[in-house]
Amino acid sequence: MLQDCIIVGGGIAGLQAAIQLGRYSAYDVLVVDAGEGRSTLCRCYHNILGWPEGISGEELRTRGRQQAESTGVRFARDRIVTAARTATGTILLEGEAGRRYEAYTMLLATGVSDRIPEIPGLVPLLGSSVYICPDCDGYEIEGKLTVLMGAGDAGAGMALLLAERTNRLTYVNHESSRVSPELLEQIRLAGITYIERAITEIRPAAEGQIEQVVLSDGTVLPAERGFIAFGGNQVHSELAGQLGAALSDNGHVESDSRSKLTSVDNVWAAGDIALHAEQVTVAMGEGSIAAIWINKALRGQKEKLDQLKSNNDGIIRTT
Ligand SMILES: Cc1cc2nc3c(=O)[nH]c(=O)nc-3n(C[C@H](O)[C@H](O)[C@H](O)COP(=O)(O)OP(=O)(O)OC[C@H]3O[C@@H](n4cnc5c(N)ncnc54)[C@H](O)[C@@H]3O)c2cc1C
């Protein structure tokens with residue numbers, strides 16, 4: 001079936017777009033989501049309007065999906081692996097098990113994955129007392145005994161930012177990867193304790209609260225807060241690339257600042273795969289903007305879309 005719009009990625013940006021598009025009550029909208037993503041990892045977002053005590057990513061996703069479904073938006077659990085243009089100009093997507101989807105318009109909201117080494121005890125603390133984003137959670141470490149777990153220059157850069165919020169900071173270079181002499185000197189001048197050693201375990205005091213960081217030589221570092229910065233994050237812009245959309249040097253999808261339309265027809269991008277601060281409220285805003293412009297496009301091209309739907313014989317012809 002030819003969908004008016006397929007949203008690939010049911011995280012924050014995709015869900016907000018789905019809610020906005022669903023509320024036009026005019027379109028077949030399908031969200032295809034692999035069920036992972038940054039919003040599944042964060043135990044508590046602290047910087048969102050209306051949630052002063054915070055809300056978890058899973059809770060936001062559950063509520064968002066229910067809200068979108070109540071407007072008629074449908075969901076499929078799948079990972080899209082290929083995207084191509086068909087002979088009629090529609091977009092053909094193929095999922096992991098070979099399932100095919102066809103759309104007239106598409107929103108890419110596939111996000112970014114953080115490189116997080118397997119350190120026992122780390123993941124359950126993410127967002128509640130171990131953070132990833134200084135813009136989101138620098139506030140949470142103000143004056144607190146903080147251990148930054150990272151690697152190389154990525155960790156060193158983060159350490160210097162965090163030193164503006166606390167003077168009780170240790171940077172553990174978990175992979176002992178190279179830190180430039182300039183950054184090392186700045187770390188020394190900022191009074192940050194620097195350790196090159198693998199982390200073997202993170203111990204909590206209570207659910208969600210970090211207490212100790214254990215190193216490979218048995219050293220135990222007490223901690224009130226943690227941060228991570230291992231570098232090497234992956235931007236999920238592969239589908240955009242397959243469709244020929246312009247990407248920035250660091251792999252993010254470029255889009256029009258007003259409409260979030262990418263450089264290819266009828267394909268929009270929103271959330272962390274686009275180029276901007278990687279935050280929930282930004283992802284929501286972009287999802288909404290993209291949906292508003294997808295509606296404009298669908299209205300403007302209604303005649304063509306109706307014709308494609310009436311000619312649709314169920315066979316998808318690729319170029
Ligand atoms: C530990 C942690 C803490 C954070 N804390 C904060 C915070 O306090 N405040 C804040 O504002 N932000 C925070 N962030 C960032 C925030 O989570 C992201 O900015 C937000 O999730 C971006 O939304 P998104 O929709 O772009 O991506 P995501 O939420 O990552 O969603 C992307 C979705 O796309 C799906 N997907 C990817 N590829 C495919 C594919 N090929 N086919 C189908 N589905 C696919 C994934 O499964 C996922 O569901 C944090 C992030 C992390 C990891």
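At what angle do helix 5 and helix 6 pack, and how far apart are their axes? The legends below take this pair first and then turn to other close-up views. The model is predicted, so that local features need pLDDT of at least 70 and side-chain atom pairs count only at pLDDT 80 or more, while totals for chains, interfaces and linings use all residues. Residues are numbered from 1 along each chain as its sequence is written, and side-chain values use heavy atoms, with hydrogens and water left out.

**View 1. Helix 5 against helix 6.** Helix 5 (residues 152–162) and helix 6 (residues 181–189), where helices are DSSP runs of H or I with at least four residues, numbered from the N terminus, pack at an angle of about 30° with their axes 10 Å apart. Axes are lines fitted to C-alpha atoms over the stretch in contact, and angles run from 0 to 180 degrees between N-to-C directions. Helix 5 is therefore roughly parallel to helix 6 (angles under 35 degrees count as roughly parallel, over 145 as roughly antiparallel, 65 to 115 as roughly perpendicular and the rest as oblique). The contact (heavy atoms within 4.5 Å) is made by Asp153, Ala156 and Leu160 of helix 5 with Leu183, Gln186 and Ile187 of helix 6.

**View 2. Helix 1 against helix 8.** Helix 1 (residues 12–22) packs with helix 8 (residues 280–300) at an angle of about 40°, and their axes are 7 Å apart. These two helices are therefore oblique to each other. Helix 1 contributes Ile12, Ala13, Gln16, Ala17, Gln20 and Leu21 to the contact, and the residues of helix 8 include Val280, Ala283 and Met284.

**View 3. Helix 1 against helix 3.** Helix 1 also packs with helix 3 (residues 57–69), at an angle of about 25° and with axes 8 Å apart, and the two are therefore roughly parallel to each other. On the side of helix 1 the contact is made by Ile12, Leu15, Ala18 and Ile19, while helix 3 supplies Leu60, Arg61, Gly64, Arg65, Gln67 and Ala68.

**View 4. The surroundings of the ligand.** Of the 35 residues around the ligand (those with a heavy atom within 4 Å of it), Asp33, Ser39, Tyr45, Asn47 and Asp272 come nearest. A polar backbone atom of Ala13 is 2.9 Å from an oxygen atom of the ligand. A nitrogen atom of the ligand lies 3.1 Å from a backbone N or O atom of Ala34, and a polar backbone atom of Ile80 is 2.9 Å from a nitrogen atom of the ligand.

Note on methods:
Polar contact = N/O pair within 3.5 Å; in protein donor to acceptor, adjacent residues only side chain to side chain.
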